[in-house]
Structure formats: C-alpha cells, structure tokens
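User: I would like to learn how to read the contact between two domains of a chain. Could you take me through it step by step?

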Amino acid sequence: MDEWKPNPAIKPHKKRSWYLAWKYKLMNQRALRKLCQTGAVLFLLVTVIVNIKLILDTRRAAYEEEEESAQDYDDEMLNVEVPRHPVSNKKVLDVEVYSSRSKVYVAVDGTTVLEDEAREQGRGIHVIVLNQATGHVMAKRVFDTYSPHEDEAMVLFLNMVARGRILIFTIKDEGSFHLKDTAKNVLKSLGSQVAPFLSWRDMWTFVGKKGGEVYGEKHAKSPALSTWGDPVLLKTEVHLTSVEDAECHWPDTELNRRRKRFCSKVEGYGSVCSCKDPTPIEFNPDPLKDNKVFDVPVAVIAGNRPNYLYRMLRSLLSAQGVNPQMITVFIDGYYEEPMDVVELFGLSGIQHTPISIKNARVSQHYKASLTATFNLFPDAKFAVVLEEDLDISVDFFSFLSQSIHLLEEDESLYCISAWNDQGYEHTAEDPSLLYRVETMPGLGWVLRKSLYKDELEPKWPTPEKLWDWDMWMRMPEQRKGRECIIPDISRSYHFGIVGLNMNGYFHEAYFKKHKFNTVPNVQLKNVESLRKDAYETEIHRLLGEAEVLDHSKNPCEDSFVPDTEGRVYVMFIRMEQEADFATWTQLAKCLHIWDLDVRGNHKGLWRLFRKKNHFLVVGVPASPYSSKKPSSVTPIYMEPPAKEEGAVAVPAVAAAEQT
Amino acid sequence: MQKINKNAVLALLSLTSLVFLLFQLYYYKFYLSQKNGAVFSKVRGSQSGQDSTRWHVVRKFLGLLSSHNIPVYLIDPLILGLVDKDFEQIRSSPDGPSPECKYFCAPRDFTTFALLDKTWKHEVDLFRTAEKMGFQWLKIINKDPRLDGMDDLSGIEIPLHYIFKLASHAIHLVVFYERSGNYLWHGPLRLKQHMDRKFVPFRKLHFGRYPGAYEKPELLLVSIDDLKVQIPKNPSSFLEEMSHSRFLECRYREARAFFQLYPDDASLDAVEFRKKAKSLLHLAALTLNNLGVNFWLSSGTCLGWYRQCNVIPHSKDVDLGVFIRDYKTDIIPAFQKAGLPLKHKFGKVEDSLELSFQGEDGVKLDIFFFYEEDDHIWNGGTQAKSGKKFKYLFPKFTLCWTEFVELKVHVPCETRQYVEANYGPDWKVPVKTWDWKSSPSNVQYNGVWPVDEWDDVIQIY
C-alpha cells in the first residue's frame, strides 16, 4: 500500500485558512499557481486512472479464477469433444479373404492379419472381428466345426461380439461337419446367404457387419465327398464409421475410461463392453475381519490365454479380503491382449521375455515371477501363487488368513495349497476340514519367502533342463520331507482345457468333477491340530474311533461303505514299503479320483469322503498307523491290470500336466 | 465563477480519488480473507506477497493429498533444519496456533515432501483434481530398479518424482520405494528429451541429483505455521542421514555380460557357500550397525558386488572395511556374543589392525581397518609366521549405499578405482588362486613387526 500514501497529502483540504493563505501568497505568481493547479488536477486524474486500472485488474484476476473453477466442469467435456472431429471423415477398407483346403488368409488394406497354411492345424471356421471405426483387429478365433461342440463355442462368441463390428469368416479344410442348425441360423442372421446350405468340404468366405450390411460372400461347393471345393478369394470394401458411433456412451468415470480403452481394442468379452448394461469391473467384495493375508503379494502366472485370465481375475477380485494392490500379473511373452485384460481391471502386469521352450519356459517364467514378486514386495514373508486358468473361491483369502500362521511357525510345512488333488464331488465333503499331505498340489498355493530365497531360487532348474517346476518342487531333494496343508474342499477350480499339458479329454476325466467351495466365510475347524505333532495325535484319535470296514467286500463297490452319514471308516490296503503304491493306484482308479501319480498321502494314510462318511485308507505295513489294524484283518491287495505297454507311459506324461 | 468551478472540480476529483481508495482497501481486505493470496500476488507481485504464496500453495497441496487419502511427510531440509531448532516447542504444542509464519513463509522456490509408494494407488483422479485446483504437474518416471536385476522382464517404469507448481511456488514430491534389505529408496531425477527444462529450477532441488537410500523413518504429526504435517520423528538424524544417502545401483547389465562370458557356478557347493556368506554378512551387518560402526564391502566381497552382483562362490570369506576412527573396543565382544569367535587379530589400533572372526560352517569374516593419509587410504596385512607387514594402498574414496544380498550396505562410491587398485586392470577375469601377499596390485612390503611386539600384534586363536 505504500505507494498510494502520497495521495491524501496532495489533496486540497478542509484546512481552508492554510489554503487561502497559500493561495493569496501565490496570487502574484499566476503562472506558477496555474501550473500547480494543473499539476494537482493531473495527479488526481492519474490517481483515478490507476485506481480504475487496479480495480479492473483485480476484477479480471477474480474473473479468471472463477473461470478456472468453472472450467473444472467444462474441461472434461471439451477434452472428449476435441479429438472426435477429425475422425469423422469416412474411410474405406479393402478386405481380402481367402478360403481353401490348405490355406486361409485375410488381408485388411494390404496388411495380412491372418495367414494359416500350417498342415494338420487350423481346421474349421476362422473368425476375425474388426473395429468398425478404426479397422483394427479386435479378435481372432478359429472354431473347428468339423468336431463336435465347437459350433456352440462359435455361437457363444458371435453373440458376445458387439453390434456394428465387422465380422470376417473363412473356412480352412472343413467346417461344416458339426455345424448345427443353430449355428447356421446365427450365420444367416448375420446376412449370410450360403451358411444354411454349407456342406462337406465347401469353401466359404463372408464379410459383414454385425446387425447391419453384408459386404461380400463367396462360396465354392465341393463336387464330391472325396474332394474339396475350389479355393475362393473374396475382395470387398468396408466403409468405416466414425469413432463416435463405434463407442458406447458410458458416464465418464475412471472405471469407464478403462472400460472404453479395453472395449475399443478387443472383442469377445461379452457384457463387459455392453453399452446399455455393462457388467462391473470393480467388485468391492466384503473385507475380511482380521485379514492376515491382506499384505501378502499375489502373483498371477499367465500366458497368452486372455479369456482365461479375464475369468480368473474376475473371480480373484470377487473373493472376500482381496487386496488388488498386492496383485501382479506376470505374462510370459509380449502379448497385448492379456495386458489389456490386466489394465481393464486396473491391476499391474509385467511381461517376461520367454526363455527356453515348453516346460522349461514355464519353469523359467515361474522363477522370474517369484523373484520379481519378492523384489517388489520386500516386506512380504509369503507370496500367493495363482495361475490364469483357476477360479478362486469366495473364501480363498479367508481360508489362507486362518491358516497362514502355521506356515510361519511350523518348520515342517512346505506350502499351503488351495487344491485337494483327491477332492472330487464324490470324495470331498467338509469345507472346514484341512489335511496335511506329503505332495505339493500347486494350483493356488502359498510360498514362504525364506523357502524360495534360501533354497529354491539358488538351485532352480536352469533353462536347458526341460523340467516342470512343480515336478521339481515335489522331488525329495527340494521337499525334504516337508508337507503341505490342503483343504478337503478345494478353494480353487482348474477350468483350463487348452494348455501346454492339457486337452479336453484330460480335463473332463480329472478336473471337471472337482469339488469347489462356494460357501463364504467358512470357519476352519481344526487349524491348530495341523501342527506336526498335534496332527499325529489327531490321526491317532481318528483311527481310534474309526470303524473297520468289511475287508471281504470289494472296495470298488458302493456297498463297501455302509449307507450312513457322518461316520469314520477305515480300510487297510497292502503297501510293502514307502514307495509301494500298487494297490492304492488301483483303488484310486476305481474310485475315479486322481490315479496318475500318488497324491494326498500322509505317512501311508489317505483321507477322503465316501457317501458323506470320512474314509481312511492305511497302507500296511509301510504306514506307521499299521499298528491300528486289528490282527484279524488282512490288508486288501488289488492287482495292477495286465501289462499294456502304453498305459505306463501315459501317466508319466500326464502326471506332469496337473499344473 | 471560474475559481469556484476549479475548486469544485478539485473537490470532485479528490472525492472520487477517496472513493477509489476505499474500493482499493475493500478489495485488499476481501482477497486477504477470501482467497489464498495467489491471485493477489498475481496482481501485485510484491515481495511480501510471495511469502504467503508459499504457505498457501503448501496448504492447498496438503489439502489435495489429504482429500485423496495420500499420506506424505515433509523432508524439506531447510524447513526441517529450522524445525529442528525449535523442536521441543513444536512437539509440545501440536495444536497451538502459531503467532507468526516462521517456516513456510521464507521465500523459496519449492518445498519438498516424501511419499511412500505403497501407501497410495496410482490414481489418475489425483492429477485431475490437482489441475482443477490450478496446479501444473510434472511426473518423472524411470525403470523400476527392483526388477532391473532380473533378466528379461520388460522394464516397468515407475514414478520417481512429482512436481506440482502453483503460482510461483513448486512442491517437489519424492516417491520412496521399499526395497529388499528393509530400507527406502528414491530414484534420481533425470529429465527426458521432451520435458520442460524450465518447469522449475531443477538444479536447486534437494533430492534427485543421485538416488538415495534411507531407513524407514518414524513419523510425527505436528502443526507448523498452522499447517498439520508429518515430519520425521527425529529431524536432525534425518538431515544427517540425508547428507550421505547417495545410493549406487548394482551394475546388473555388466553382471549379466560377465555371466555370459563366465557362466555362474550352480553347483551345490556354490549354492551352499553363497547361502552361508549371505547369512554371515547379515549377522555382521547387524552386529556392526548395532554398535554404530560404519563399514563397507571390501576386497573379494566388494569385487563380487561390482562384477557380478553376487557373492563370488570360490571366495572363501567375507571381507569388510572399517575406518580406524570408527574402531571400538566393543567390536570383538559384540561379535563373540553374536556367535562369531575371534579367529585372529593382527596389528594394533595404531597400525595395520585386522580382525578375523570364525563364522558358522567354516566361513571367515575379515574386518580390515583403513588408515587415512593426505592423498591415499591404506590397510595393513601381517604374515603370521614371519611377522612381515604388508600395506595395501587405495585412492581416497567416499561411501555410498547399495543393495547386496538383500542388505543395505556401504561400498566405496568410487568402486572402480577401489577394485582396480586391489585387483588390477584385469579384475573382470575370475582368478581362482589368489595370494593375499603377492597377488594384489596395490600391495607394498611394509617391514617386519618388532619381535617383542609379536604377542600383541599377532594373536591367533
């Protein structure tokens, strides 16, 4: 304010006498007086102007400020609006589609987006989805409709694709044998004229917009059963629409921005990209009280199966007590789509350059992921390890929270696993029951940092060794007699049917009927009795109260176990030494449980359920529990089937598949 | 007539001028009470305006972060220095209004805060709100060093620094990451090509010239100049820590290249030795840290860190260096208490002191004491049977933090010169036979201990 002070001093004032005296004094010097007056007037004018300017300045500043805050609300609108204009000019895409017995390809604007001429592969209908505004490939699928049920998968997929997308179809080799009417009708509804009449070894290409125009279709009939139709090449033009039309108008939130990014890039995830009623991508499950695993990092090991990863992450993020900040997804390879899925859910993902091949590649990926996890979370004492083809039970974290202290305190434990190898629909019953087992089931498990850092990491199999990491972890050199804790009813479900060691048949036989807990907040009942010594006491108590079954009956028959509920039964099988699993394997086979290698045993004892009764199997005389066998009982011996050469080799390979 | 008119004009003008003066006063008051001074300083730009600008910017910033539940703490060395002087008073009156603006009103270009990475989610919303509040912000990202040591992970970039600027004041927000070895790390501040080099006077920033390593601080909520902020519970020790916090990352890329040339020994023996050496080093670090003795990785252990980021499996011991000025008589009893009996003691405090402790499982821990001269630093060696003395010369060095086998430890900042002095220009080539009396390239014969001193300077247990 200092600078303004002179003002009042200059002003002519009320002190009239002084003013008059001064005036008369200067009367004679008229010129000087005039000058003074003009000076005073000028000064006053300047003061006024400066003041006005100041007021204007202040007002303007205030106005700007207001504008700034007003902009808060306009800002987003403006930002969204701006990029829309330049894109609205229409563009045309040249599309080329080729269909033949041994080769298919699709080129968009001269760029090959699909080319498949591999032999014995890629049979069936290839489908490509393009974004109608950008022309980017959003999904690529092949449905082997020569084989059963694949057409159902195709229908499912086509139904998930958003309206307005551009669909490209082409057949390689054969695509009609198991193409049922439902599927044909779907194709017809997309505008195909030929689809209803597609038959054996026809060649066919089709380009159309879902729910809109048809851009072209070509078809070549197979002249005879033994020959294929002539190759067909369809060339057509597709008009692109504006981005605005291609996008949904969801409210502008952080979540929807992620959704928008995802949905403009990929297709085939169904309602997550639905304009009207999109499925949530944030789940906010109930938090767990006293969650002991809130700060435990979760490593999700993934490959290039983005649809699996999507399903897996949904179930993981819906589990009670999940902490999304602790989740890291490790992707083996520079695949974009899995990363898109990870970003959709707002999680962090890390890509890993593939090292080595097949099993060794998986094994190296595991090592890198585990090391990275403990580096990123240096405070963590444990890590939860999950795979992309698992459903996670709603009480997964509750299960771990209740049991994790055991892993910290009991040196004789190797891991906690959410998976019971023998926990099938007909052999698992009690969600609150836990076991100790000598095998390492994997499929959703907790690893102790000290175990990894001090023992496993330094001697992890090197890339040139084509070992399975899980088989390696099960080896006695690594396991050193330690055991894992598992639940009776699994807290994970293995849904993957395509994978390195996996196929539909194998999955159906060994995984489909696995029991999976869906009950929230299960209170585990025997946690403390799982410590090393307490567990022995517990087993002895169980065996003490168990009723010995009638060993003259066939254990494979249903009648072997009486029609009761909630009882404890025991049977004794022959097991000459620790590694003699001949009878057990036969028993497992006829009980339709995991029989490819030995799982779920604890000192020659297996625990499962039959007809809702707890069912104990003791191997005599190798098991220390053999002493519980009444002398009158002869252990059951089951002969392995007469040798088929192949039968031995298969389990060895298949056993590796489990993870 | 004319005179009256003139007087009337004069009166009118002075009246108007008075009215405007009142207006002016009104606006002035209005802005002081309503606004945060930023607008006002835009108009006035006077010296006194900037002071309150800083205070207002800090207040706005703290408000922004607390509305997003992001806990930050003050690490500005200048303010902490002032705070430290009046620490008792500040601590005793956490809520009392302060009579004058003492700390946040000193005119500075920026104020520095720290943020623990794991306490927040990387929210986009924060920045949107910041923009709405008038902040301009700059994010400095770089590779995540926690994953740098691993082959083949695609480099994940993480935010290392944020700068929020409002009016003429900037907030420097340093992101701290937890790393293996139970310490906090912040990254260097490096501008990328396209970045605005004049966004703030980067050179004047207190953090970011080098990466730094810190202990996890205990925090204290205090009220400074009527602003509630968290500060390190012990500002003076934080400032002390800050003065030598420089951190060196292991040279992972070079280490990988080394292993390409000389594949790692993955034998069981090597794995076992590394495990033992690691646990011995952890134990030694714990013991020395408890005594408050500064130490660094020396000789073979230092070479292992520098060349391959790991323990050299064919080395047979763990080597540490300590300045003789840090020597404490408690060292020997403390190690004995930790289960590491003294194996031998050569030399004396005045000359060529060297201690060896017997670790579990046959791994030896050597502690060499270093003597500082005007232009070099040296440590001594003694041959037990002959009483011969040796001297190992090193160029002068300072100490930096690094991470080694999940431990935050010191190494000489000028590691290359240190290693080269010790192992010569061919230090990159592994040598399995090593004679400590002749192999080092910096060894000098240093006479013989007088026989009557032998009992004292050559003690073997």
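Analyst: We can start from one pair: the side chains of E215(B) and K408(B) meet in a salt bridge, with 2.7 Å from N to O; the term covers a side-chain nitrogen of Lys or Arg within 4 Å of a carboxyl oxygen of Asp or Glu. This is a predicted model, in which local features need pLDDT of at least 70 and side-chain atom pairs count only at pLDDT 80 or more, while totals for chains, interfaces and linings use all residues. Residues are numbered from 1 along each chain as its sequence is written, chains are lettered from A and ligands numbered from 1 in the order in which they are written, and side-chain values use heavy atoms, without hydrogens and water.

User: How many salt bridges are counted between domain 1 of chain B and domain 2 of chain B?

Analyst: The count is two salt bridges. Domain 1 of chain B spans 48–245 and domain 2 spans 252–460, bounds that come from an automatic or database domain assignment.

User: How is the size of such an interface expressed?

Analyst: The size of an interface is often given as the accessible area lost when the parts come together. Here domain 1 of chain B and domain 2 of chain B bury about 890 Å² between them, with 49% of it on carbon and sulfur atoms; the area is found with a 1.4 Å probe and summed over both parts.

User: What separates the centres of the two domains of chain B?

Analyst: Taken over C-alpha atoms, the centres are 38 Å apart. The contact (heavy atoms within 4.5 Å) takes 15 residues from domain 1 of chain B and seven residues from domain 2 of chain B.

How values were computed: Buried area is the accessible area (1.4 Å probe) that two parts lose on being put together, summed over both.
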